[in-house]
Amino acid sequence: MNLIEKYAPNAAKLSISQYCPPKCFELAGKRFEFAVDTGEDTGDAVLNFLDETRLEWSIKSSGTPKTETYECRKSDDWTYLLTYCIEGKTPRENHTWVIDIEQGLVTFLRCSLGENPYWPYIINSHFSFGYIKEEGKEHTDLKRHSFTEDVTGTAVRWTYGHSTSTVHVYHHANWYRIGYPRNRTETKEVPDSTKRIREMMQSMPSSDEPAYYVKIKEGMYLVSVTEQNLEKILGEKFGFRSDTLCFLDNWKRMYSVGRGFGTATTGGQDREIFVMIGKYGSPEEVDESFFTSPIPFIV
């Protein structure tokens, strides 16, 4: 029996979720109180993990705690990527937390649709930073997770599955570019859907999209990217509507966990996207133009 022939086709259908690690249930039964004192959504916040799949949350010290279904993955022994979508909220909204037990810090990323009246599918990202409250212990350290330029100048090949990989070029503190591995560009291993996406992207002025880079600790960064320009130019034709992806990249292991949130439109029908992602990194050489070409979307 050839196991590759038997299992590889179904594995490939998982796309960017193929290498996603198993769910993490370690937070079940725990309760966290956060002081979110820096950024756009400041105030006290609570995450109460009811079990392996459900939690209660409240932010900015307002309202009755709301229950959601959550996903959790780890990027190292002490750092959790926790995410959930707000059930019943229209336009849709996603919350993602980086819970850093090692340093007692937290990052909160709120992503929402519908804020831009010109582009209703556009997703906007709002960041806040704070610390984990501990009973009977005062938090006196003013250091927080923060935006950074550390990653600027990096090109890396991320592999999401046995037939799915892309190249990310972090060339600017607020932007990134995407490319494809040279040795895989035109091989039969590349799925037809991926080839179609690459062909459509050729009509774009560039692959530049907005990005945020947050330093969590030495060798670990939260990278958040949103396909806003693809939505503005190609819209329904592209299919993926301003999807936003965030990754908790562990550079010491060249490994990452993440989540995707957005909308896919096929045949005029919208489908909600909420997917967990795993990927592995490796060095990749790219043309110098990836780092030096001007961004066509800014003056």
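How many salt bridges does the count come to? Keep that in mind while you work through the exercises. This is a predicted model, in which local features need pLDDT of at least 70, side-chain atom pairs count only at pLDDT 80 or more, and totals for chains, interfaces and linings use all residues. Residues are numbered from 1 along each chain as its sequence is written, and side-chain values use heavy atoms, with hydrogens and water left out.

**Exercise 1. Give the salt-bridge count, then place the pair Lys 23 and Glu 71.**

Solution.
- Start with the rule: a side-chain nitrogen of Lys or Arg has to sit within 4 Å of a carboxyl oxygen of Asp or Glu. By this rule the count is 20 salt bridges.
- Lys 23 and Glu 71 qualify, their closest N and O atoms being 3.7 Å apart.
- Now locate them. Lys 23 is in the loop between α1 and β1 (31–39) and Glu 71 is in strand β4 (residues 66–76), so the pair ties together parts 48 residues apart in sequence. Helices (H or I, at least four residues) and strands (E, at least two) are DSSP runs, numbered from the N terminus.
- Finally, check the cover, where buried means under 20% relative accessible area, exposed over 50%, and partly exposed in between (1.4 Å probe, protein chains only). Lys 23 counts as partly exposed because its relative accessibility is 45%; Glu 71, at 16%, counts as buried.

**Exercise 2. Do the same for Glu 102 and Lys 217.**

Solution.
- Their side chains meet in a salt bridge, at 2.7 Å from N to O.
- Glu 102 belongs to the loop between β6 and β7, Lys 217 to strand β13 (residues 209–217), so this pair joins parts 115 residues apart in sequence.
- Glu 102 has a relative accessible area of 51%, so call it exposed. Lys 217, at 10%, is buried.

**Exercise 3. Trace the barrel, then find the bridge partner of Glu 93.**

Solution.
- Follow the strands β1-β2-β3-β4-β5-β6-β7-β8: these 8 form a closed barrel with antiparallel pairing. From one strand to the next, the twist averages 30°. Those angles run from 0 to 180 degrees between N-to-C directions, with axes as lines fitted to C-alpha atoms, for helices over the stretch in contact.
- Zoom in on β6 (residues 93–100) and β7 (residues 105–113), an antiparallel pair with 8 bridges. Pairing takes at least two DSSP bridges between two strands.
- Glu 93 has Ser 112 in β7 as its bridge partner.
- Glu 93 also joins Asp 41, Lys 60 and Arg 110 in a network of salt bridges.
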